Amino acid sequence: MSPRVDSRVGKDELDGARPYTRLMLTIYDLWVLRFNNSVVWRCPTRNLLKLYNKNVSNAHLDIGPGTGWMLRRVNFPGSSSQVVGLVDLNENSLARSTQRLRRRGVEPTKHLGSVLRELPVDRQYSSVAASLLMHCVPGSWAEKGEAFRHIADATTDDGVFFGGTVLSKDVPHTRLSRGTLRWFNDAGGFHNAEDDLAGLRTALAAAWGEVELEVIGATALWTARVPLRR
């Protein structure tokens, strides 16, 4: 029997996850990772992969893994076996990412759930990633910041949380990126019309003692350490 999504998960969040059908995921890498990242947001995917290679551990949790492209290519440290957890609201994404990890001999633990709720995991991880996820999460930074608190709870004291998100404000945009943002927000796939760099920094700092931010194009990349427990 398939796991059930928490009944408290809101419609906007479910709508944001719904487009990731099996058919859509067959073009995701080409459309999102190659075209959108490079041409629209002007932050080529190699920057995200570099962030993964710098921070990933052998006990890693990936939230919103997409197709598992990053996990298929990342260089896990050392030669010991990897413990990998996946969290997503979309079962298709979990299945596709699991497929890719199995090709490199890794059997992940899958969890169906929302980043805005307590994460449905039974352990803490020494690295956690949320790549290209937060611009799909509904709410203001005050509300999205709850996700960072839940992630802090699921991270070891010496662990790291990293990721990237497309912002609407405080970053350089082009006519193409502005038009694409409006389209994605109107369609319900994105919820980042008010997302700004200062708000992201504040939300991260409320849950993490050390925060580093880098802006590339319209995308903000972060690395956060020292989780602040509630």
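# Exercises on charges, cysteines and backbone angles

The structure holds six salt bridges. The model is a predicted one.

**Exercise 1.** Determine which parts of the chain the salt bridge between Asp-195 and Lys-144 links, and whether the two residues are buried or exposed.

*Solution.* Begin with the pair itself: the side chains of Asp-195 and Lys-144 form a salt bridge, with an N to O distance of 2.6 Å. Next, locate the partners. Asp-195 belongs to the loop between helix 7 and helix 8 (197-205), while Lys-144 sits in helix 6 (residues 141-153); the two are 51 residues apart, and the pair links distant parts of the chain. Finally, consider accessibility. Asp-195 is buried at 2% relative accessible area, and Lys-144 is buried at 0%.

**Exercise 2.** Carry out the analysis for the salt bridge of Arg-229 with Asp-157.

*Solution.* The closest N and O atoms of Arg-229 and Asp-157 are 2.9 Å apart. Arg-229 lies in the segment after strand 7 and Asp-157 in strand 5, 72 residues apart, so that distant parts of the chain are linked. As to accessibility, Arg-229 is partly exposed at 36%, whereas Asp-157 is exposed, with a relative accessible area of 62%.

**Exercise 3.** Establish what surrounds Asp-62, given that this buried residue has no salt bridge.

*Solution.* First, place the residue: Asp-62 is part of strand 1 (residues 59-63). Then look for an opposite charge. The nearest such side chain is that of Arg-104, 10 Å away, and a salt bridge requires a distance within 4 Å. Turn next to polar partners: the side chains of Asp-62 and Tyr-52 share a polar contact of 2.9 Å. Beyond its neighbours within four places in sequence, Asp-62 has contacts that include Leu-71, Gly-85 and Ala-129.

**Exercise 4.** Explain why Cys-43 and Cys-136 do not form a disulfide.

*Solution.* A search of the whole structure finds zero disulfides. For Cys-43, the nearest cysteine sulfur is that of Cys-136, 15 Å away. A disulfide requires sulfur atoms within 2.5 Å; the two sulfurs are therefore too far from each other for a bond. Cys-43 is buried at 2% relative accessible area, and Cys-136 is buried at 10%.

**Exercise 5.** Describe the setting of Asp-170 and of Val-226, two non-glycine residues with a positive phi.

*Solution.* Most residues other than glycine have a negative phi. Asp-170, with a phi of about 70 degrees, lies in the loop between strand 5 (155-166) and helix 7 (175-187) and is exposed at 51%. Val-226, with a phi of about 60 degrees, is found in strand 7 (residues 219-227) and is partly exposed at 36%.

Technical notes: Residues are numbered from 1 along each chain as its sequence is written. This is a predicted model: local features need pLDDT of at least 70, side-chain atom pairs count only at pLDDT 80 or more; totals for chains, interfaces and linings use all residues. Side-chain values use heavy atoms; hydrogens and water are left out. Buried means under 20% relative accessible area, exposed over 50%, partly exposed in between (1.4 Å probe, protein chains only). Helices (H or I, at least four residues) and strands (E, at least two) are DSSP runs, numbered from the N terminus. Lys and Arg count as positive and Asp and Glu as negative; His and the chain ends are not counted. A polar contact is a pair of N or O atoms within 3.5 Å; within protein, one must be able to donate a hydrogen and the other to accept it, and residues adjacent in sequence count only if both atoms are side-chain atoms. Contact means heavy atoms within 4.5 Å.
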